[in-house]
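Here are some questions you might ask while turning a model around on the screen. Each answer tries to show where the wording comes from.

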Amino acid sequence: MGRLIVVSNRVSAPTDPAAGSAGGLAMALSAALRKYDGLWFGWSGETVDHFTGEAKIEDRAGVTVALVDLESQDVDEYYNGYANKTLWPLFHHRVDLTTYERSYGEGYERVNRRFAEVLAPMIEPDDIIWVHDYHLIPMARDLRRLGITNRIGFFLHTPWPARQLLVTLPHHRRLVESLFAYDLVGFHTREWLDLFTDYVVTEARGDVTGENGLECFGRVVQTGVYPIGIDVEGFIAAGDSALGRRTYDRMMSSTAFRSLLVGVDRLDYSKGLEQRLVGYEQFLADNPDMRSQVLLLQVTPISRDEVDSYQDIRGRLDSLAGRINGAYAEMDWQPIRYLNRTYRRDQLAGIYRAARVGLVTPLRDGMNLVAKEYVAAQDPANPGVLILSRFAGAAEQMGEALLVNPFSREELSEAIKQALTMPLAERIRKWKALMQVVRDTDVSIWRDDFVGALKAVKIVGDGGAPF
Ligand code: ADQ
């Protein structure tokens, strides 16, 4: 049996799995690969003056990784440019923040080609290759051009955008066409797959074929819905660890019998952080009697700080948190604790468990793993309530959460009040249903379903022919 080769922009296998990292993809992939005889290929995060065309092989906590260094122009154009200033905002429906620069597109194509050229000689005949996320959409096309006929699958961790927005991208057809070099393309939700199908059928004049196939550009690709999840047992164990318990105790004593609301998100405009704070402010205004009984802990590590729009939102959040605290704090109480830092998995689990309400309110999100982590960390005898944006992919499965429209501060305010006053029996009923979803979508199921489907794809005609 061949190996599983995972390809992603960053190889971020943590040296200590319990330490974790602030990113859904990194957590999911390291959990998935630890159980496989595989290889994880991608950018090292380092820059060099001249691209060497070689990968460094290392062992990271049982995972073999192959690391490629990039030139700083590559990082500017491919990573900070096309990936994070063009595709990320567009795929999250922020056309207002989307920058279209020809040099970004060229850098994107160049880095995908370079990755393919370094990876191709490392591929053995029975290996299967699994490419991740929007940074690397053209990678299979470039591998095919180098004669690679192995099975190649692609998984998108973000939403797929609506056709009417995707067509604002110059060369959108070329991007979509390159997805047809894969054997299998997977999404988190039915909604993202339906939007992809809509583009292929309506804009590119393709056809639906068979149960899960799409035919377009003279090729056939299989598609599927694979909702990602967390390493459930691992996360529960993290909460039960000595540090998990200590963190829980520390949170409980520091909140001094107040109800804790928690938000844990990378600092990203897609996460709806400003709207969340405004919704909480509305709750404080609407419920003077409940004010000093609550506390919001918002844990938000800085992310993609080289990109202007991220610096802008960082500034706006600093001032919003300061304004709300300034307006409402008392001498012995502050409504918001706003922290720009990361925590270990065991500490996060302890924090979630201490929180009566989990606030997960992105404006648009591929899935959102924090929603699942929050549920997994709860005390079954006295669980907290998850408030979840209806625009997170997770909402497609987690309908027992309090689903909200994060753009409405009144709706957020009402949901917070409903969560804080929800009777124990209802909290337990909702939590049980949500916990079942969390278990049913464990990261190992996601991995095994995708890899199983990729192995099962029937290669029709010239599946692996040069593109
Ligand atoms: P992200 O946008 O990074 O992931 P999410 O799924 O919520 O979003 O994952 C974030 C991860 O980072 C979680 O595991 C969380 O615990 C961790 N994290 C966040 N803040 C942290 C902190 N302060 N300290 C420590 N850890 C922290 C992308 C997509 C999502 C999709 C995932 C997986 O945008 O929609 O769910 O990939 O596919």
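**Two domains and a core**

Q: What makes domain 1 and domain 2 of the protein, and where do their bounds lie?
A: In this predicted model, the domain assignment gives 4-229 plus 444-456 as domain 1 and 232-441 as domain 2. Taken over C-alpha atoms, their centres are 30 Å apart.

Q: How do you know that domain 1 is in contact with domain 2?
A: Contact calls for C-beta atoms within 7 Å. On that basis 28 residues of domain 1 are in contact with 25 residues of domain 2. On the domain 1 side, α1 (24-34), α2 (72-91), α7 (190-203) and α16 (443-456) each give two or more residues. That side divides into twelve nonpolar, twelve polar and four charged residues.

Q: Why is the set of 137 residues called a nonpolar core?
A: The name fits because its members are buried nonpolar residues joined through C-beta atoms within 7 Å. This is the largest such core, and A371, L386, I387 and L388 have the most contacts inside it. Its largest share, nine residues, comes from α2. Domain 1 and domain 2 each supply at least three residues to this core.

Q: What does A371 touch, leaving out residues up to four places away in sequence?
A: A371 touches V360, L386, L388, A392, A394 and M398.

Q: How do you know how confident the predictor is?
A: On a scale from 0 to 100, the protein averages a pLDDT of 94, and 94% of the residues score at least 70. The model also scores ipTM 0.99 and pTM 0.96. Where pLDDT is low, don't read the coordinates in detail.

Terms used. Residues are numbered from 1 along each chain as its sequence is written. This is a predicted model: local features need pLDDT of at least 70, side-chain atom pairs count only at pLDDT 80 or more; totals for chains, interfaces and linings use all residues. Domain bounds come from an automatic or database domain assignment. Two residues are in contact if their C-beta atoms, placed from the backbone, lie within 7 Å. Helices (H or I, at least four residues) and strands (E, at least two) are DSSP runs, numbered from the N terminus. Ala, Val, Leu, Ile, Met, Phe, Trp, Tyr, Cys and Pro count as nonpolar, Asp, Glu, Lys and Arg as charged, and the others, Gly among them, as polar. A residue is buried if 20 or more other C-beta atoms lie within 10 Å of its own, exposed if 12 or fewer, and partly exposed in between; C-beta atoms are placed from the backbone.
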